[in-house]
Structures are given as structure tokens and as C-alpha cells.
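Please open the structure in your viewer and keep the selection panel at hand. The tour below proceeds from one selection to the next and says what is there at each stop.

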Amino acid sequence: MLRHRDLGLPSQDVTVAGATEVATADLDGDGYADVTTTAGEALGEQEAERTQATVRTVPYISWGGPGGPHRTRSAARVQLTGPDDGVDAQRPTVGDFNGDGHHDLALVRADRHSLLVLYGPFDRAGKAARTVPYASPLEGHGEIGDLIADTIADTADGRHRATDLVVHALNDNDQSGSILLTAGSHGLSHTGRGLREGNSIAFGDFDGDGRRDVAVGDSGTRNDEPGVETERPDIGKTVSVYHKGAAPAAGSAPRPLKVPGMSGTLAAADTDGDGTDELAVSLGRGGVELLTLRGSRPATTRVARRHLLTRAAPAVVDGESVRKGERAARLYGVADFDHDGKDEVVLAWGPGLAFSRYGERPEWWWITDGTADKTAFSSKPFAADAD
């Protein structure tokens with residue numbers, strides 16, 4: 001466990017630390033993962049009076065090494081467009097936005113109406129090889145809420161894959177619009193493709209053509225603001241897949257696929273290693289539905305197969321009874337942990353409201369091949385050892 005002081009963040013003039021929201025990437029290309037987080041630095045009296053703020057949020061890089069970041073030098077303050085520039089407090093988004101093999105960072109700026117893309121490699125002073133400011137591409141859809149990047153990986157022929165980026169609008173337990181910025185050898189485009197409103201986004205190759213698609217899901221949650229009654233009643237609990245290279249006709253959008261019970265989280269999972277991803281959809285009642293899709297055009301994409309994957313905690317955990325309706329595990333993530341070319345689907349469960357409402361503090365884990373468990377365990381002993 002790394003604490004604030006372990007990351008080498010300066011103790012003076014830092015009033016807010018985002019050490020619980022970190023991103024990892026090899027930003028200097030030395031083969032060791034670095035830890036990037038945001039921290040707040042106190043403003044001087046004159047600047048505070050001018051900006052009507054007391055703290056500026058800036059990113060820091062804690063350099064990795066053989067002994068981890070706590071064995072290396074102090075963290076470097078990332079150099080932005082100038083000493084007065086600041087960012088939003090959320091963790092930086094990692095990608096390779098020009099496909100050169102160096103890890104890059106994308107950050108929402110403090111005004112939430114613009115972003116910065118910092119192209120690696122970074123030097124030990126925190127300066128990127130190139131820094132490019134972007135105006136918000138949302139065009140009236142509101143402030144930027146999240147930046148979602150595709151997974152960094154090589155293509156089948158060993159080339160570095162440039163990772164696209166989705167700019168998602170801020171929302172309040174609602175569905176909001178997004179813009180897809182495509183990546184190439186020169187970096188991210190400044191304008192992009194508008195995506196449907198939703199609150200969950202996942203990249204994957206859902207048609208097996210070797211190109212990365214984007215899935216956008218609408219969990220059905222609404223904030224009941226005026227106008228919600230005018231939307232189609234069947235638009236909630238649906239997913240739309242935008243296939244790369246299959247642009248829809250003007251004014252049209254991919255046909256929504258109905259997924260009853262979906263709760264929001266989406267992920268791509270190639271559980272059989274055939275190069276085509278299944279779409280993993282978390283369910284409100286617990287568990288995950290794995291969807292095999294067919295068709296590569298907006299009007300033809302359909303669900304060819306559905307597979308329900310569920311796990312549940314025991315009736316008694318640590319001497320405490322767990323009610324039947326509170327035992328279901330939820331989708332936690334997808335990864336190829338053993339590097340066999342097949343993804344594992346991870347489900348997790350935790351006691352109490354922190355998990356049932358927000359997915360926080362999971363204790364029980366199931367690592368599956370999409371059907372059967374490869375391993376299952378409780379992480380509570382690990383936390384006890386850390387204490």
C-alpha cells in the first residue's frame with residue numbers, strides 16, 4: 001500500500017491529494033510503471049484574490065523503479081501549458097494517442113471546457129515531448145465529465161495501436177452525450193463523431209475485423225429533470241455499438257440492443273481467444289451477461305448469443321448472516337491475467353452499502369474463464385496483513 005508520503009508528493013503547499021485516484025503508465029520509457037495522481041497546491045494571496053480560488057490542482061508523476069516509487073526521487077510536477085495552468089481533480093487518462101509506443105496522458109482542464117493531451121516520453125522534470133490543448137468537442141452538451149481511452153496494445157502484426165479517446169459529458173446520475181476522437185500517427189483528431197447519450201462506454205473489436213469499435217450503454221437511470229418524459233420509453237437498458245469503418249447514414253445512429261436488467265458497466269471480453277470480443281454487461285440484480293454480436297453495420301448488428309455469468313457470496317460471512325438479496329457478485333473487470341490470449345472475467349462481492357451502492361471495498365473474488373472459475377478467494381486476509 002502506497003501512502004501520500006510514499007508517492008514523493010511535496011508536503012508543503014499541498015492541501016488536497018488525489019492519491020486514492022491514481023493512474024499507472026511507463027511515462028519515461030525505462031520499463032518501470034510510474035504513478036500519476038493529482039494534488040492541490042495552495043495559491044498565493046494575490047492569485048487567490050484574482051481567481052477567487054484557494055487551490056490549483058496539478059498532476060504529479062511518482063517515478064517507478066526496481067523498488068517501486070517509494071524508493072525513487074521525489075515526484076515531479078507535470079509541466080502543463082504554464083505555471084498557472086491547472087486540471088480537474090480526477091485521475092489522468094492513459095493512452096498511446098499517436099501509436100508511437102510511448103505512453104501519453106489526457107487530462108480535463110480546470111474549466112471542464114477543454115482538455116490537454118501530453119504525448120510521451122516525459123523527462124524527469126515532468127515535461128512531455130509534446131503538449132497539445134484541445135477545445136471541448138462536445139459543442140453545447142455541457143462540461144466534460146470523463147475521458148475514456150482504449151486499451152494500449154499492439155496489433156496482430158506487432159505494430160503499436162493508436163488508442164482512440166471518448167470525451168464524455170458531465171452528468172448527474174443521468175445519461176449524457178459523448179464524442180469519439182480517433183487517433184492516428186499525428187495524434188488525436190480535434191473533432192470527432194457524436195455518440196448517443198449513455199452512462200457507460202467500452203472499446204472492443206465486437207465484429208472481429210481487427211478494428212476497434214465503441215459500445216455505449218444507457219442503464220436507464222434518470223435525474224427526472226424537465227424533458228425526460230418526452231424520450232422514447234424503450235431507450236433505457238439498451239446498448240448501441242459503433243463499428244469502426246461503418247459510418248451510419250446522415251442523422252442515423254446504431255440500432256439499440258435491449259439488455260434487460262443492465263446496470264451500467266460495460267467491458268469487452270475475448271474469453272475464447274478468437275480475436276472477437278464479447279460485450280460484458282453488468283446487471284443490476286448481480287452478475288454479468290456476455291453478449292456475442294453479429295453484423296458490422298448499424299442496422300444489422302444483433303445479439304447472436306447471450307450467456308449469463310453469476311456468482312454469490314455465502315449465506316454467512318465472518319460470522320454475519322448475509323440476506324439472500326445481497327449476496328450477488330457484480331462485474332468488476334476483464335483482463336488476460338495468464339497471457340494465454342483469452343480474457344478472464346472478474347466478479348466481486350463486498351458487504352455493506354459501500355459495495356451494494358457503489359462497488360467499493362470488495363472482499364470476495366471470482367476469476368472466471370467466462371463460464372467456470374479459474375480461482376476464487378477472499379481478499380480480507382491481505383488487508384489484515386497490510387495493517
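Which residue of β23 does E289 stand opposite? Select E289 together with β23, and you will find that the partner across from E289 is L308. Before going further, note that this is a predicted model, in which local features need pLDDT of at least 70 and side-chain atom pairs count only at pLDDT 80 or more, whereas totals for chains, interfaces and linings use all residues. Residues are numbered from 1 along each chain as its sequence is written, and side-chain values use heavy atoms, with hydrogens and water left out.

**The sheet around E289**

Now widen the selection to β22 (residues 288-294) and β23, which pair in the antiparallel sense over 7 bridges; strands here are DSSP runs of E with at least two residues, numbered from the N terminus, and two of them pair if DSSP finds at least two bridges between them. Both belong to an open sheet of 4 strands with antiparallel pairing, in the order β20-β21-β22-β23. Its edge strands, each pairing on one side only, are β20 (262-269) and β23 (302-309). From one strand to the next, the twist averages 25 degrees, where axes are lines fitted to C-alpha atoms and angles run from 0 to 180 degrees between N-to-C directions.

**A second open sheet**

Move next to the strands in the order β16-β17-β18-β19, which form another open sheet of 4 strands with antiparallel pairing. Here β16 (200-204) and β19 (257-258) are the edge strands, each pairing on one side only. Within this sheet, select β17 (residues 213-218) and β18 (residues 238-242), paired in the antiparallel sense over 5 bridges, and look for D218, which stands opposite T238 in β18.

**H243**

From β18, continue to H243 in the loop between β18 and β19. H243 counts as buried because its relative accessibility is 2%, the classes being buried under 20% relative accessible area, exposed over 50% and partly exposed in between (1.4 Å probe, protein chains only). Show the side chains of D207 and T301 as well: the side chain of H243 makes a polar contact of 3.1 Å with that of D207 and another of 3.0 Å with that of T301. A polar contact is a pair of N or O atoms within 3.5 Å, of which, within protein, one must be able to donate a hydrogen and the other to accept it, and residues adjacent in sequence count only if both atoms are side-chain atoms. If neighbours within four places in sequence are set aside, the residues in contact with H243 (heavy atoms within 4.5 Å) include R193, D213 and R297.

**Salt bridges**

The last stops are chosen from the 21 salt bridges of the structure, each defined as a side-chain nitrogen of Lys or Arg within 4 Å of a carboxyl oxygen of Asp or Glu. Select D30 and R124, whose closest N and O atoms are 3.5 Å apart. D30 lies in the loop between β2 (23-25) and β3 (34-42) and R124 in the loop between β8 (114-122) and β9 (128-135), so this salt bridge ties together parts that are 94 residues apart in sequence.

Then select R77 and E41, where the corresponding distance is 2.7 Å. Because R77 is in strand β5 (residues 76-77) and E41 in strand β3, the pair ties together parts that are 36 residues apart in sequence. R77 is partly exposed at 24% relative accessibility, while E41 is buried at 13%. To finish, extend the selection to E47, R50, R56 and D84, which are linked with E41 and R77 in a network of salt bridges.
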